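Reader: Could you take me closely through a single part of this model, and then set that part in its wider context? I would welcome a careful, connected account.

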Amino acid sequence: MASALINVPPKAKRGDIVEIKTLMSHIMETGYRHTASGEVVPRDIITSFTCRFNGNEIFHADLFPAIAANPFITFFATVTESGKFEFEWVGDNGFSETASASISVE
Amino acid sequence: MRCFGAIAAVVLVAGAVSAAEIPPGDRRSGYSFMTADTKAMQDEDTANPGMLWVLDGETLWKRKAGAAGKACADCHGDARASMKGVAARYPAFDKEAARPIDLEQRINSCRVNQQQATPLPFEGRELLALTAIIARQSQGVPIEAGADPQLTPFIAKGRELYLQRQGQLNLGCANCHDDNWDKRLAGSAITQGHPTGYPLYRLEWQSLGSLQRRLRACITGIRAQAYDYGSPELVELELYLMSRARGMPIEAPAVRP
């Protein structure tokens, strides 16, 4: 039941700096923990996050085991035209999730 | 022996008297003890990780389950309308069980009796998600649990448990949450223990959790044997705490450190 929460302002003026906030549901299991019987709990994390605007990559982050569960990634972007932000999270065990949000620029 | 028993009784009574209840004007939600950053995390829906469970809950609300092939939505319709204020009334008296049940138990009773499905395990993703979507609809609604007169004896039992010293540290809930809520314990605010935001996202857990999980953590903290999930003692404690917080607005899903 992976799910994402995205916060992108629906409207902005040309040249505005907007804040983009993303929250992705994920356990971010570090791979360093053990069960009571001593077995290693296998690593299960998101390894990469990408944001594209109208097809061009504008933000990318690599994620590591020290990042807490349900990663909250925020960043800023200068908007010059209307379009669509596309977000992609990729991780261990074939984890792959996408989300998108549109912005109209006046 | 008899003499010793009498002394023990006197000590117990004295112990109970020393726990002064917090006057209504001084009641504070755990929210007011938090840093600005954690408050901001709770206040904004797209920053509050508890909303991820609410999102899952919306999916589960519409999913058919059990032999009856019914979804929650088939009987209760839109949760935003039908579940408004419900979480503020729980734990509530259940006729069938002849005792109070909490929101999680109510969901499971619906699953077993109406959907003819297996009950969901406590603290599992699905039960938390369903509790979260229901509790979310009561955000801002004042707590009114315990108003039913049938609950009076159970509230009294819950209060007894709240005052009861136990565990290797020989502490009762009241010793911290009534008597020392304005102080700190190892750098953390003690707080008054008002369950205004459950189920809530604890940064320490990196997950959403129920009030029962929180109570069990506290009981383990005083080095006592924690009651099992769903046990009458935990529900009575929940009921007492909710009735003690009567009138305070629900914040679910809250964020706590």
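**Strand β7 of chain A and its partners**

Author: In this predicted model, strand β7 of chain A is joined by 8 bridges to strand β8 of chain A, residues 96–105, and the two strands run antiparallel. One pair within this ladder can be named on each side, since A:K84 has A:S102 in β8(A) as its bridge partner. The connection between the two strands is a hairpin, with 4 residues lying between β7(A) and β8(A), and in that turn A:N93 adopts a positive phi of about 55°.

Strand β7(A), which covers residues 83–91, also pairs with strand β4 of chain A, residues 46–53, through 7 bridges, and this pairing is likewise antiparallel. Here A:F49 has A:W89 in β7(A) as its bridge partner. Strand β7(A) is thus bridged both to β4(A) and to β8(A).

Turning to the chain that holds these strands, chain A contains 8 strands and 0 helices, so that its elements, followed from the N terminus, read β-β-β-β-β-β-β-β. Of the contacts in chain A between residues at least 6 apart in sequence, 57% join residues that are at least 24 apart. The radius of gyration of chain A is 16 Å, whereas a compact globule of 106 residues would have one near 13 Å, and the C-alpha trace spans about 60 × 20 × 20 Å along its principal axes. Buried residues account for 20% of the 106 residues in chain A.

Chain A also meets chain B, in a contact that takes 12 residues from chain A and 11 residues from chain B. On the chain A side, the elements that give two or more residues are β1 (4–7) and β3 (17–24), and β1(A) gives the most, with 3 residues. By class, this side of chain A has 7 nonpolar, 4 polar and 1 charged residues.

As for confidence, the predictor gives the complex an ipTM of 0.91 and a pTM of 0.90. The mean pLDDT of chain B is 93, with 93% of its residues reaching 70 or more; over residues 7–18 of chain B, however, pLDDT stays under 50, and for that stretch the model has 2 contacts beyond four places in sequence. Where pLDDT is low, predicted coordinates should not be read in detail.

Key:
Residues are numbered from 1 along each chain as its sequence is written. Chains are lettered from A and ligands numbered from 1 in the order in which they are written. This is a predicted model: local features need pLDDT of at least 70, side-chain atom pairs count only at pLDDT 80 or more; totals for chains, interfaces and linings use all residues. The radius of gyration is taken over C-alpha atoms; the globule rule is 2.2 Å times the number of residues to the power 0.38. A residue is buried if 20 or more other C-beta atoms lie within 10 Å of its own, exposed if 12 or fewer, and partly exposed in between; C-beta atoms are placed from the backbone. Two residues are in contact if their C-beta atoms, placed from the backbone, lie within 7 Å. Two strands pair if DSSP finds at least two bridges between them. pLDDT is the predictor's confidence in each residue, from 0 to 100. Ala, Val, Leu, Ile, Met, Phe, Trp, Tyr, Cys and Pro count as nonpolar, Asp, Glu, Lys and Arg as charged, and the others, Gly among them, as polar.
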